[in-house]
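Here's a quick tour of a protein model with a ligand. Take a look at the fold first, then read on.

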Amino acid sequence: MEHRSDSRVTRRGVLAASIATAALTSRLLRAAEPPPGTSTPSSSPPTTSAPINKGPATVSVPVASPPLITKAIPSSGEWLPAIGLGSDAFRNDLREDIQAELKRMNELGGVVVDTAAAYGDSEAIIGGALESLGIREKFFLATKLVGESAAQPIGAESLARSLERLRTRRLDLLQVHNLNGVTELLPRMQEWKKEGRIRYLGVTTSRTSQHAELADVMRTHRLDFVQVDYSIGNREAESTVLPLAQERGIAVLINLPFGRASLFRQAAGRALPPWAADIDVASWAQYFLKYVISHPAVTCVIPGSTSVAHLEDNQGAARGRVPDAAMRRRMEDYWDGKAA
Ligand SMILES: NC(=O)c1ccc[n+]([C@@H]2O[C@H](COP(=O)([O-])OP(=O)(O)OC[C@H]3O[C@@H](n4cnc5c(N)ncnc54)[C@H](OP(=O)(O)O)[C@@H]3O)[C@@H](O)[C@H]2O)c1
């Protein structure tokens with residue numbers, strides 16, 4: 001999503017910014033926008049269809065598709081769809097599959113793609129695919145700086161390489177990878193933001209052992225985003241990182257929503273509960289993702305996938321009803337084997 005101006009506002013101004021940015025973001029959210037964290041009940045979709053995209057990848061979806069579930073970035077009020085895509089398994093031999101996946105994601109209304117300078121071919125594959133499909137401006141691209149070494153200038157070469165490989169003039173989000181060099185990098189990243197090379201900045205981890213350090217950084221720096229590990233099988237982020245993000249107005253990307261596929265192994269042979277339909281959940285992937293995005297601190301989850309079938313399954317969690325607090329407890333109890 002390449003925008004002409006930075007719409008950063010104070011937290012008090014978030015509501016006003018939400019209204020002001022609605023027109024700007026409406027081109028990005030191809031369906032009617034619900035308020036953040038809300039959705040409409042799903043009914044049987046009719047067989048007639050209508051186009052939802054204006055770009056080259058225009059397709060038809062059922063007229064009665066519920067709206068996308070969207071969340072606001074606290075530092076700007078900009079809305080994002082709550083289900084994105086992670087890309088650390090993107091490799092050159094999957095290039096065609098990835099292009100098909102990104103095309104389908106755009107058709108389904110997905111916007112956020114997370115990559116990293118350290119993810120092998122990932123940035124180059126994404127940049128090439130979006131350029132050849134002509135849909136770069138439809139996406140919100142998040143990447144991460146490579147770790148530092150004493151011999152390397154801090155971060156600058158990494159940023160330049162990411163911009164080149166992603167074939168873009170400006171990144172939507174630049175993150176410090178695993179807090180590596182965070183104190184040195186964040187002031188530089190603030191400069192790059194002022195210069196318009198990045199729109200938002202943030203910090204990532206995927207280890208519970210780093211949550212305390214992440215929380216320290218959240219308390220002492222101005223961040224737009226954090227990225228952290230969280231799933232129904234790993235709820236540690238609920239104790240510190242997620243409430244702190246709400247308190248300080250920091251957007252949250254969630255990685256490892258499937259515990260690197262370990263949740264699917266644990267779910268093997270288990271049936272979904274019959275009440276899953278009450279929250280428009282039709283697969284275990286959707287159960288895991290709806291659980292994550294229903295936490296009020298969570299802005300967007302980035303499940304990793306390398307196939308169109310998995311992408312479609314995951315994007316299925318981007319619409320329909322969102323679990324409330326009581327339903328979240330019910331989901332936990334069922335997953336933990338405490339209730340039927
Ligand atoms: N420190 C950091 O900053 C950090 C660390 C880790 C991850 N991340 C980011 O977070 C993203 C997510 O993490 P992850 O990819 O490692 O783990 P994950 O999202 O928890 O799990 C990915 C695994 O789930 C499988 N999968 C995806 N959708 C599925 C579905 N609908 N049904 C069955 N299996 C499905 C994938 O298989 P297929 O590949 O076959 O689709 C893959 O094996 C990464 O891609 C990366 O962008 C960041």
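## The sheet

In what order do the eight strands of the open sheet line up? The order is β5-β6-β7-β8-β9-β10-β11-β12, with parallel pairing. At the edges sit β5 (85-86) and β12 (300-301), each of which pairs on one side only. Keep in mind that this is a predicted model. Counting the whole protein, there are twelve helices and twelve strands.

## Around β8

Strand β8 (residues 171-176) is a good place to zoom in. Is β8 mostly covered or mostly open? Mostly covered: six of its six residues are buried. On one side, β8 runs parallel to strand β7 (residues 140-145), and four bridges join the two. On the other, five bridges link β8 to strand β9 (residues 198-204), again in parallel.

Leucine 173 shows up in both pairings. Its bridge partner from β7 is alanine 142, while in β9 its partner is tyrosine 200. To get from strand to strand, follow helix α6 (residues 182-194): β8, α6 and β9 make a right-handed β-α-β unit.

## Further along: β10 and β11

Strand β10 (residues 225-229) pairs with β11 over five bridges, in the parallel sense. Here valine 226 stands opposite valine 252 of β11. Among the elements of the protein, β11 (residues 251-255) also has the highest mean pLDDT, at 99.

## The ligand's surroundings

How many residues surround the ligand? There are 30, and the closest are Gly86, Ser206, Asn255, Ala285 and Gly304. Two of these names tie back to the sheet: Gly86 falls within edge strand β5 (85-86), and Asn255 falls within β11 (residues 251-255).

Helix α11 (residues 308-315) supplies the largest share of the shell, three residues. Sorted by class, the shell has 16 polar, nine nonpolar and five charged residues.

## Packing and confidence

Of the 340 residues in the protein, 44% are buried. Take the contacts between residues at least 6 apart in sequence: 78% of them join residues at least 24 apart.

As for confidence, the protein has a mean pLDDT of 84, and 79% of its residues reach 70 or more. Where does the confidence stay under 50? Over residues 2-62, a stretch for which the model nonetheless has 113 contacts beyond four places in sequence. Strand β1 (residues 49-51) has the lowest mean pLDDT among the elements, at 27.

Terms used: Residues are numbered from 1 along each chain as its sequence is written. This is a predicted model: local features need pLDDT of at least 70, side-chain atom pairs count only at pLDDT 80 or more; totals for chains, interfaces and linings use all residues. A residue is near a molecule or strand if its C-beta atom, placed from the backbone, lies within 6 Å of it. Ala, Val, Leu, Ile, Met, Phe, Trp, Tyr, Cys and Pro count as nonpolar, Asp, Glu, Lys and Arg as charged, and the others, Gly among them, as polar. A residue is buried if 20 or more other C-beta atoms lie within 10 Å of its own, exposed if 12 or fewer, and partly exposed in between; C-beta atoms are placed from the backbone. Two residues are in contact if their C-beta atoms, placed from the backbone, lie within 7 Å. pLDDT is the predictor's confidence in each residue, from 0 to 100. Two strands pair if DSSP finds at least two bridges between them. A crossover is right-handed if, with the strands pointing away from the viewer, the path from the first strand over the helix to the second runs clockwise.
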